[in-house]
Amino acid sequence: MSDGKRTVVIIGGGITGVTAAYYLQKMVKEQQLPLECKLIEATHRLGGKVQTVIRDGFVIERGPDSFLARKTSASRLVHEVGLEDEIVHNATGKSYILVNGKLYPIPGGAVMGIPTRIGPFITTGLLSPLGKLRAALDFVLPPTKVEGDLSLGQFFRRRFGDEVVDNLIEPLLSGIYAGDIDQMSLMATFPQFFQVEQQHGSLVLGTKRTTPKIQKERKGAFQTLKTGLQSLIDEVEKRLEPGSVVKGVRVEQVKRDGAEYRLRLSTGEEWKADSVIVAIPHLFVPEIFADYSFFAPLRSVPATSVATVALAFSESAIEQDIDGTGFVVSRRNDYTITACTWTHKKWPHTAPPGKALLRCYVGRPGDEEIVEQSDDEIVRVVMDDLNKIMRINGRPEFFVVSRWKRAMPQYTVGHKERLAKIKGQMAAELPGVFLVGSSYEGLGLPDCIDQGERAVQNVLDYLRINKKKFAEVN
């Protein structure tokens with residue numbers, strides 16, 4: 001870390017930190033910048049929640065299983081590392097919602113549970129006649145008047161009533177964030193719905209007008225890699241500068257020292273840095289920045305514990321098959337699982353011929369104890385739930401249980417304001433330190449990759465503005 005070079009340290013080797021390291025090192029090479037980039041990760045592997053198990057011909061994702069195709073940053077990174085031939089779209093098919101112990105197809109034309117076609121909404125058995133009548137108030141209610149933020153639940157309940165929210169919208173939205181819709185921030189999760197309502201009055205009509213027409217070939221909205229998403233991490237890691245990644249070492253403290261930063265490591269070593277990208281979960285940030293009290297609000301931001309349960313079967317073991325790709329579970333059920341994907345149907349490459357792969361999810365706010373149970377107990381509970389719906393003969397050939405403890409950050413009401421305040425104080429007291437990752441501005445892989453890319457630009461802008469020596473070379 002000498003030779004007059006500036007040093008950037010990236011703390012955290014999840015998808016956000018790995019992306020930042022890759023693009024920063026790429027810029028250094030392309031522009032011949034006098035810059036050194038180090039990535040430090042507390043565990044012994046990179047990728048964070050992105051982990052793939054390949055076993056007996058099955059491809060099993062422990063964490064995220066795909067990314068939204070319309071958010072282009074993920075596929076761009078895939079192309080960067082030469083994996084474009086491995087991209088596949090999800091197979092389209094019926095999806096269901098489990099309400100009162102029964103599976104109902106999600107009504108055609110529903111966008112995040114918001115109806116854009118009246119016919120399927122009127123005929124669905126998901127809702128009572130009274131529930132449908134209450135939802136029709138959306139056509140006449142004036143736009144919401146609000147200063148600042150409000151919860152998703154509050155916003156949607158006002159427009160559609162409780163039944164549509166509890167039976168249709170909540171299962172779909174809370175599945176994305178593993179959150180409580182009545183606590184989640186509208187402005188930090190789906191501000192576009194607020195904007196649509198403000199512009200069009202009716203959320204139904206506005207969503208219909210602003211949702212692009214689906215192309216006839218019906219390509220799935222999601223993409224993944226046939227080789228598993230971990231192969232993306234592995235390929236990016238291969239392209240990082242030799243010696244620039246340190247694993248199995250924690251950063252214990254970061255302190256400003258004049259124009260530089262001192263990082264104390266768990267090894268007792270001390271590093272100096274001119275700029276720092278902090279790409280770790282919010283719960284750890286106040287610990288390593290203990291001298292800076294403005295990070296304290298992050299301690300009270302909730303994070304839900306969840307688990308994914310992958311179950312491998314022979315197709316013949318599933319006696320009552322269902323036409324579709326999976327279901328989500330409304331809270332009006334005595335079920336522990338929150339969702340189930342028939343992965344071998346949604347992603348045919350994930351299971352060998354004649355085999356079935358089911359991926360179930362457990363854990364949600366207020367119901368996280370299941371995550372602490374043994375693998376066998378979790379599988380028993382999951383199998384009990386599944387057998388109420390689809391009759392499976394015998395135990396799985398094998399299973400993979402993945403626990404993610406306090407791993408799903410909750411963007412509760414006021415999230416954007418809290419974050420803006422923290423980032424404002426960082427700019428004043430910790431210039432050149434940038435906070436990124438799933439805890440802050442989006443949970444999905446493309447959102448994290450976007451944040452990693454923005455952090456690179458922020459670092460380069462900061463160094464050019466603040467470091468005369470750096471600016472002279474450019």
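**Group meeting talk: strands, a buried threonine and a pocket**

Let's start with a hairpin. Strand β3, residues 52-55, pairs with strand β4, residues 58-61. The two are antiparallel, and four bridges hold the pairing. One facing pair to look for is V53 and I60, the latter in β4. Two residues sit between the strands of this hairpin. Look at D56 there: D56 takes a positive phi near 50°.

A word of caution before we go on. This is a predicted model.

Next, strand β2. That is residues 35-41. How many of the seven residues of β2 are buried? Six of them are, so β2 is largely enclosed by the rest of the structure.

Which strands pair with β2? Take β1 to begin with, residues 6-11. β1 and β2 run parallel, with six bridges between them. To find the register, put your cursor on T7, which stands opposite E36 in β2. Helix α1, residues 15-31, belongs in this picture too. Together, β1, α1 and β2 form a β-α-β unit, and the unit is right-handed.

Now the other partner, β10. This strand covers residues 245-247. β10 is also parallel to β2, and three bridges join them. Here the pair to find is L39, facing V245 in β10.

Let's move to a single residue, T124. Where is T124? In the loop between α3, residues 118-123, and α4, residues 129-135. Is T124 buried or exposed? The relative accessibility of T124 is 9%. Buried means under 20%, so T124 counts as buried.

What is around T124? A polar atom of the T124 side chain lies 3.1 Å from the backbone nitrogen of L126. Then set aside the neighbours within four places in sequence. T124 is in contact with P105, P107 and K132.

Last stop: the second largest pocket. The space in this pocket is about 270 Å³. Its lining has 16 residues. Which of them are closest to the centre? K423, V433, F434, L435 and N458.

Which elements build that lining? Three of them supply at least two residues each: α14 (415-429), β20 (433-435) and α15 (445-466). And which gives the most? That is α15, with five residues.

To recap. We saw an antiparallel hairpin of β3 and β4. We saw β2, with six of its seven residues buried. β2 pairs in parallel with β1 and with β10. We saw T124, buried in its loop. And we ended at a pocket where α15 gives the most to the lining.

Key: Residues numbered from 1 in each chain as written. Predicted model: local features only at pLDDT ≥ 70, side-chain atom pairs only at ≥ 80, totals over all residues. Heavy atoms only, no water. Buried < 20%, exposed > 50% of the residue type's maximum accessible area, 1.4 Å probe, protein only. Pairing = 2+ DSSP bridges. Right-handed = clockwise from strand over helix to strand, strands pointing away. Polar contact = N/O pair within 3.5 Å; in protein donor to acceptor, adjacent residues only side chain to side chain. Contact = heavy atoms within 4.5 Å. 1 Å grid on protein atoms, 1.4 Å probe; cavity = no way out; pocket = protein on both sides within 12 Å on 5 of 7 lines; lining within 4 Å. Points joined across faces, edges and corners; volume = space filled by probe spheres on them.
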